[in-house]
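Let's take a walk through this structure together, one stop at a time. Have a look at it first, and then we'll start with one of the ligands.

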Amino acid sequence: MFFLRCLLAALVSHTALALTPVGHTPSGKPIYVAPSGSRVKPVGRNMEVFAPNGSLIHTFVNVIPPTVTKGSHALAPRQTLSLAQATTPLTDPTNILESLNTSYTVPSAPTNFESQVIYLSANVVASDDNGVPFGMLRAVLQYGATSFWGGPYWTINTELEFLPDGGTLSISDPNFNNTVAVGTAISTSLVHMDEGDDIFWYAAGFDTAPEAPRLEVGWSTPVSVAVGLEEEGVTQRSSYPAESFTFSQTSLTLTNGAPKISWDLSSDPSTGAYITADVDGSENAELSVHFGN
Ligand SMILES: *[C@@H]1O[C@H](CO)[C@@H](O)[C@H](O)[C@H]1NC(C)=O
Ligand SMILES: *[C@@H]1O[C@H](CO)[C@@H](O)[C@H](O)[C@H]1NC(C)=O
Ligand SMILES: *[C@@H]1O[C@H](CO)[C@@H](O)[C@H](O)[C@H]1NC(C)=O
């Protein structure tokens, strides 16, 4: 058995980058797909993707930033993403994220399709020692992108994105129709799973569609959260929905319960989209994305 495992490990290490991208985002970042129920786990600076049957199917190499030694110079954050997000730092390793839930209604489709991709989601965010995010796990409402991976309609999926340009792991499930109609009510959850190891495990899924794609990701350090918009390839207002988009009943719980927080709000400098906290705090918050003028 041990020999077989070594043999398997040897074979696998030769094909460590087993998945080939199914496509690229408008800015050229690779998109990989894995089966629903896949798990991704940190090993050193790599993140390893395991299929539901336990086989290693892909390794994202060196996507976890190195630990910063004390006194070394902080790197300036590399900002290549177009985000309008509500964020809150969670820094206490004894009081970690237990769940982040939110609900929304699928908005009207943009009137202009230019292969843009719009992601609307609550995210688990992993950051380096300087607080610069390098990975996001999300249950996402997505508009646009390629004919293989989305199109001029809304879809739901679970995804893991590595920043700034490490690529995206998305779920492909031939048995699930992930296109969602305008007006559909959706609830998503990101939930901590205690597996008795020293990894911070989170599952992303859809409470309104339990059979929808699921993805579980483990991190070596405690995570924080972000809720909002990420886009690529939007060049004009009509490439966004006409109306604002609201994340309602947004609830954040930590080990010690609901924390007292006020969301930090950012805007997307490239398109003017921004987010407001119409109801602030960690219980039943309402966060609205405004897509500019
Ligand atoms: C495990 O799942 C992967 C991904 O679906 C598949 O490629 C592989 O053949 C499976 N392995 C076994 C032993 O079933
Ligand atoms: C969030 O969703 C999970 C999964 O449905 C649920 O177990 C949990 O109670 C929810 N938390 C809150 C604060 O609503
Ligand atoms: C998938 O769902 C969408 C939205 O409900 C629907 O319009 C479409 O016909 C469905 N596709 C298939 C192949 O069932």
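## Around ligand 1

Let's begin with ligand 1, which has Pro35, Ala51, Asn53 and Ser55 around it. Keep in mind that you're looking at a predicted model. Sort that shell by residue kind and you get two nonpolar, two polar and no charged residues.

Asn53 is a good one to zoom in on: a polar atom of its side chain sits 2.4 Å from an oxygen atom of ligand 1. How much of ligand 1 does the protein cover? Taken on its own, ligand 1 has 360 Å² of accessible area, and the protein covers 32% of that.

## Ser38, with a link to Pro35

Pro35 comes up again when you look at Ser38. The side chain of Ser38 reaches the backbone oxygen of Pro35 at 2.6 Å. Ser38 itself belongs to strand S3, which runs over residues 38–43.

Is Ser38 buried or exposed? It counts as buried, because its relative accessibility is 0%. Leaving out residues up to four places away in sequence, Ser38 touches Phe50, Ala51 and Pro52, and also Arg214, Leu215 and Glu216. Ala51 you've met already, as one of the residues around ligand 1.

## Around ligand 2

Now move over to ligand 2. Its surroundings are made up of Ser99, Asn101, Ser189, Val191, Asp207 and Thr253. By kind, that shell holds one nonpolar residue, four polar ones and one charged one.

Two side chains are worth picking out here. In Asn101, a side-chain N or O atom is 2.4 Å from an oxygen atom of ligand 2. For Asp207, the distance between a side-chain N or O atom and an oxygen atom of ligand 2 is 3.0 Å. Of the 360 Å² of accessible area that ligand 2 has on its own, the protein covers 48%. Which elements give two or more residues to this shell? They are strand S7 (97–105) and strand S13 (185–193).

## The chain as a whole

Time to zoom out. The chain is built with one helix and 20 strands. It has 293 residues, and 49% of them count as buried.

What about the contacts? Take those in the chain with a separation of 6 or more: 65% of them are between residues 24 or more positions apart. On the outside, the chain exposes about 13300 Å², and 55% of that comes from carbon and sulfur atoms.

## The nonpolar core

In soluble globular proteins, nonpolar side chains tend to be buried together. Here, the largest nonpolar core has 66 residues. Which of them touch the most other members? Those are Leu97, Leu120, Leu169 and Trp219.

Pick Leu120 and look at what surrounds it. Not counting residues up to four places away in sequence, Leu120 touches Tyr104, Ala139, Val140, Leu141, Trp154, Gly228, Leu229, Phe245, Phe247, Val289 and Phe291.

## His290 in strand S20

His290 is part of strand S20, residues 285–290. Its relative accessible area is 19%, and buried means under 20%, so His290 counts as buried.

The side chains of His290 and Ser244 are joined by a polar contact of 2.9 Å. Ser244 is also among the residues that His290 touches, together with Gly272, Ala273, Tyr274 and Thr276, if you skip residues up to four places away in sequence.

## Backbone details in the loops

Where does Pro164 lie? You'll find Pro164 in the loop between strand S10 (154–162) and strand S11 (167–171). The peptide bond leading from Leu163 to Pro164 is cis, and its omega is near 0 degrees.

Next, check Asn62, a residue other than glycine with a positive phi, near 55 degrees. Asn62 sits in the loop between strand S5 (56–60) and strand S6 (82–88). With a relative accessibility of 46%, Asn62 counts as partly exposed.

Ser115 isn't a glycine either, yet its phi is positive, at about 65 degrees. The loop that holds Ser115 runs between S7 and strand S8 (117–127). Is Ser115 buried, partly exposed or exposed? At 40% relative accessibility, Ser115 counts as partly exposed.

Key
Residues are numbered from 1 along each chain as its sequence is written. Chains are lettered from A and ligands numbered from 1 in the order in which they are written. This is a predicted model: local features need pLDDT of at least 70, side-chain atom pairs count only at pLDDT 80 or more; totals for chains, interfaces and linings use all residues. Side-chain values use heavy atoms; hydrogens and water are left out. A nonpolar core is a set of buried Ala, Val, Leu, Ile, Met, Phe, Trp, Tyr and Cys residues joined through side-chain atoms within 4.5 Å. Buried means under 20% relative accessible area, exposed over 50%, partly exposed in between (1.4 Å probe, protein chains only). Contact means heavy atoms within 4.5 Å. A residue is near a molecule or strand if one of its heavy atoms lies within 4 Å of it. A polar contact is a pair of N or O atoms within 3.5 Å; within protein, one must be able to donate a hydrogen and the other to accept it, and residues adjacent in sequence count only if both atoms are side-chain atoms. Accessible areas come from the Shrake-Rupley method with a 1.4 Å probe; for residues, only the protein chains shown count as cover. Helices (H or I, at least four residues) and strands (E, at least two) are DSSP runs, numbered from the N terminus. Ala, Val, Leu, Ile, Met, Phe, Trp, Tyr, Cys and Pro count as nonpolar, Asp, Glu, Lys and Arg as charged, and the others, Gly among them, as polar.
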